[in-house]
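Work through the exercises below with the sequence and model open. Try each task before reading its solution.

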Amino acid sequence: MYFEHNGFKDDVAIIGMGCSKFGERWDAGLEDLIIEAAFEAFEDAGVGPKDIKVAYFANTNAPNNCSGTPVADALKMHGIPITRNESWCTAGHIALINACLAVKSGMCDIAMAIGAEKLKDRGAGGLGRGLNPVRETRRDAPGSFALIAEAYFKKYGLTYEQGKTMLAKIAVKNHSNGSLSPKAHFHNVVTIDQVLKAPLIASPLGLYDCCGNSDGAACAIITRADIAKKFR
């Protein structure tokens with residue numbers, strides 16, 4: 001997979017991808033999930049931990065603000081830079097961007113982006129959690145995104161019904177995609193009518209508009225496009 005910018009191919013490529021099974025992973029700790037995802041990506045790319053020169057770790061809930069320690073310990077990747085970001089829903093995206101930038105800048109030839117979360121052990125509710133344990137304990141994820149949805153409806157002149165139907169189409173598409181993956185947490189195929197009639201969680205978001213809390217991890221291996229064909 002090549003990254004494109006303004007119609008031109010940049011000189012970075014994804015040569016390996018991997019992910020753990022997502023769901024209520026009471027059988028696995030954070031490091032177990034990291035290992036699952038990373039070694040699938042290593043096999044996909046035909047590389048090993050010692051080939052990685054820099055890693056970017058996406059995680060919001062690791063204990064004690066432990067930086068990249070879970071990745072370093074789980075994969076025995078000591079002596080290389082490992083940077084952690086905790087940017088909520090965008091953390092994985094940011095890790096991938098940083099891995100691409102590391103390769104594109106010439107910092108290294110092979111970089112890793114990996115994200116992992118162990119949410120179930122925190123005792124979080126089924127559909128959301130406080131954004132900040134001190135300042136925002138009354139506002140969970142569905143409540144926050146509901147405010148964004150309402151602002152979107154207002155900005156683009158959508159009625160409540162139009163907005164709800166638009167969101168329902170997204171939920172139908174997402175649930176359909178999940179049903180095709182054996183590693184997805186849920187495998188429910190739903191209809192627009194089911195989504196619209198589902199119980200409200202935080203208006204305008206209903207049950208099928210919201211994500212469940214899952215344990216899981218995903219990993220990507222990045223290299224220079226000009227040497228990508230050397231790998232598997």
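Buried means under 20% relative accessible area, exposed over 50%, and partly exposed in between (1.4 Å probe, protein chains only). Helices (H or I, at least four residues) and strands (E, at least two) are DSSP runs, numbered from the N terminus. The model is predicted: local features need pLDDT of at least 70, side-chain atom pairs count only at pLDDT 80 or more, and totals for chains, interfaces and linings use all residues. Residues are numbered from 1 along each chain as its sequence is written, and side-chain values use heavy atoms, with hydrogens and water left out.

**Exercise 1. Lay out the elements of the protein.**

Step 1. Count them: six helices and eight strands.
Step 2. Order them from the N terminus: β-β-α-β-α-β-α-β-α-α-α-β-β-β.
Step 3. Add burial. Of the 232 residues, 41% count as buried.

**Exercise 2. Characterise strand S8 and its pairing with S5.**

Step 1. Locate S8 at residues 216-224. Seven of its nine residues are buried, so the strand is mostly covered.
Step 2. Apply the pairing rule: two strands pair if DSSP finds at least two bridges between them.
Step 3. Eight bridges join S8 to S5 (residues 110-117), and the two run antiparallel.
Step 4. Pick one pair: Ile114 has Cys219 in S8 as its bridge partner.

**Exercise 3. Check the length of helix H3 and list its buried residues.**

Step 1. The expected span of a helix is 1.5 Å times one less than its number of residues.
Step 2. H3 covers residues 91-104, 14 in number. From first C-alpha to last, H3 reaches 20 Å, close to the 20 Å expected.
Step 3. Its buried residues are Ala91, Ala95, Ala99, Cys100, Ala102 and Val103.
Step 4. Recall the helical repeat. An α-helix has 3.6 residues a turn, so residues three or four places apart point the same way.
Step 5. Look past the end. Gly106 follows H3 with a positive phi, near 90 degrees.

**Exercise 4. Which residues have the most contacts inside the largest nonpolar core?**

Step 1. A nonpolar core is a set of buried Ala, Val, Leu, Ile, Met, Phe, Trp, Tyr and Cys residues joined through side-chain atoms within 4.5 Å.
Step 2. The largest has 31 residues; Ile34, Leu75, Met112 and Ile221 have the most contacts inside it.
Step 3. H1 gives the most to this core, with eight residues.
Step 4. Contact means heavy atoms within 4.5 Å. Leaving aside neighbours within four places in sequence, Leu75 is in contact with seven residues' worth of partners listed here: Ile34, Ile35, Ala38, Phe39, Phe42, Pro49 and Met112.
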